[in-house]
Amino acid sequence: MELPQDMRAGLEHARGWLLARTRHGKRVVLFANDALLLTLALWLAFSIRWGRAYWPENAPLHLAFWSAPLIGVGVFQMLGLYRLVTRFMGRQGAIRVISGIGLAVLTWALVVLMIVGAGHRDVFFPRSVVFIYALLAFVLIWTSREVAAFILNWGGEIRPSSRTER
């Protein structure tokens, strides 16, 4: 299947831009990407659960909502997810992403439980949001890594041994 010329040009431009970043610059891009996608996943989880566009209604809800992406990025950093080479993540990368999301969602759920336990009875989080958030977070984060790998490998030679599963 041949891609249209403008799409090929866009992929080549994105690839060049990403490859021109320093290692630190690429990590900053991943941090920002993950923070944005984790926020989107949580917003979508609440919006799906409530059946309407969600917005936190009070300060404790804002604290609980905005802590999720910070916790997620922190957990990803702690697990070394930002040290993996995005082009060649494979099964090991998927396991780390799943572990990172699981630990981040569990930590976030405990933070929410502490906020509710601290006397903020006006904070209500349906349990289903935790599961929807975990699923959406995995899909969005893993898809972003796969898209990045596709862009980075675009036009370049992929060594067969580098994509093999261990």
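**Exercise 1. Find which residues touch the most other members of the largest nonpolar core, and which helices supply it.**

Step 1. The largest nonpolar core has 33 residues, and L42, F46, W108 and Y133 touch the most other members. Here a nonpolar core is a set of buried Ala, Val, Leu, Ile, Met, Phe, Trp, Tyr and Cys residues joined through side-chain atoms within 4.5 Å. Buried stands for under 20% relative accessible area, exposed for over 50%, and partly exposed for what lies in between (1.4 Å probe, protein chains only).

Step 2. Helices α2, α3, α4 and α5 each supply at least two residues of this core.

Step 3. A second, separate core has five residues, among them L3, L18, I151 and L152.

Step 4. Now zoom in on Y133. Setting aside neighbours within four places in sequence, Y133 is in contact (heavy atoms within 4.5 Å) with L38, A41, L42, A45, A68, V105 and W108.

A word on the model: it is predicted, so local features need pLDDT of at least 70 and side-chain atom pairs count only at pLDDT 80 or more, while totals for chains, interfaces and linings use all residues. Residues are numbered from 1 along each chain as its sequence is written, and side-chain values use heavy atoms, with hydrogens and water left out.

**Exercise 2. Describe the overall make-up of the protein chain.**

Step 1. Count the elements: there are five helices and zero strands, in the order α-α-α-α-α from the N terminus. Helices (H or I, at least four residues) and strands (E, at least two) are DSSP runs, numbered from the N terminus.

Step 2. Check burial: 38% of the 166 residues count as buried.

Step 3. Look at the range of contacts. Of those between residues at least 6 apart in sequence, 77% join residues at least 24 apart.

**Exercise 3. Locate the salt bridges and say whether their residues are buried or exposed.**

Step 1. Start with the idea: side chains of opposite charge can pair when their charged atoms come close. The cut-off for a salt bridge is a side-chain nitrogen of Lys or Arg within 4 Å of a carboxyl oxygen of Asp or Glu.

Step 2. The whole structure holds two salt bridges. One joins R145 and D34, whose closest N and O atoms are 2.7 Å apart. This pair links distant parts of the chain, with R145 in helix α5 (residues 127–153) and D34 in helix α2 (residues 23–50), 111 residues apart. Both R145 and D34 are buried.

Step 3. E57 and R52 also meet through their side chains, at 3.8 Å from N to O. E57 counts as exposed because its relative accessibility is 60%, whereas R52 is partly exposed at 42%.

**Exercise 4. Place S67 and list what surrounds it.**

Step 1. S67 lies in helix α3 and is buried, with a relative accessible area of 12%.

Step 2. A polar atom of the S67 side chain is 2.8 Å from the backbone oxygen of A64.

Step 3. Neighbours within four places in sequence aside, S67 is in contact with W108 and V111.

**Exercise 5. Identify the residue of helix α3 in the nonpolar surface patch.**

Step 1. The patch, about 560 Å², is made by M78, L79, L103, L106, L110 and L113. Patches take residues with over 30% relative accessible area and no salt bridge, joining like charges within 9 Å and nonpolar side chains (Val, Leu, Ile, Met, Phe, Trp, Tyr) within 5 Å. Accessible areas come from the Shrake-Rupley method with a 1.4 Å probe; for residues, only the protein chains shown count as cover.

Step 2. Helix α4 (residues 90–117) gives the most, with four residues.

Step 3. M78 sits in helix α3 (residues 59–78), and M78 is exposed at 57% relative accessible area.

Terms used:
Polar contact = N/O pair within 3.5 Å; in protein donor to acceptor, adjacent residues only side chain to side chain.
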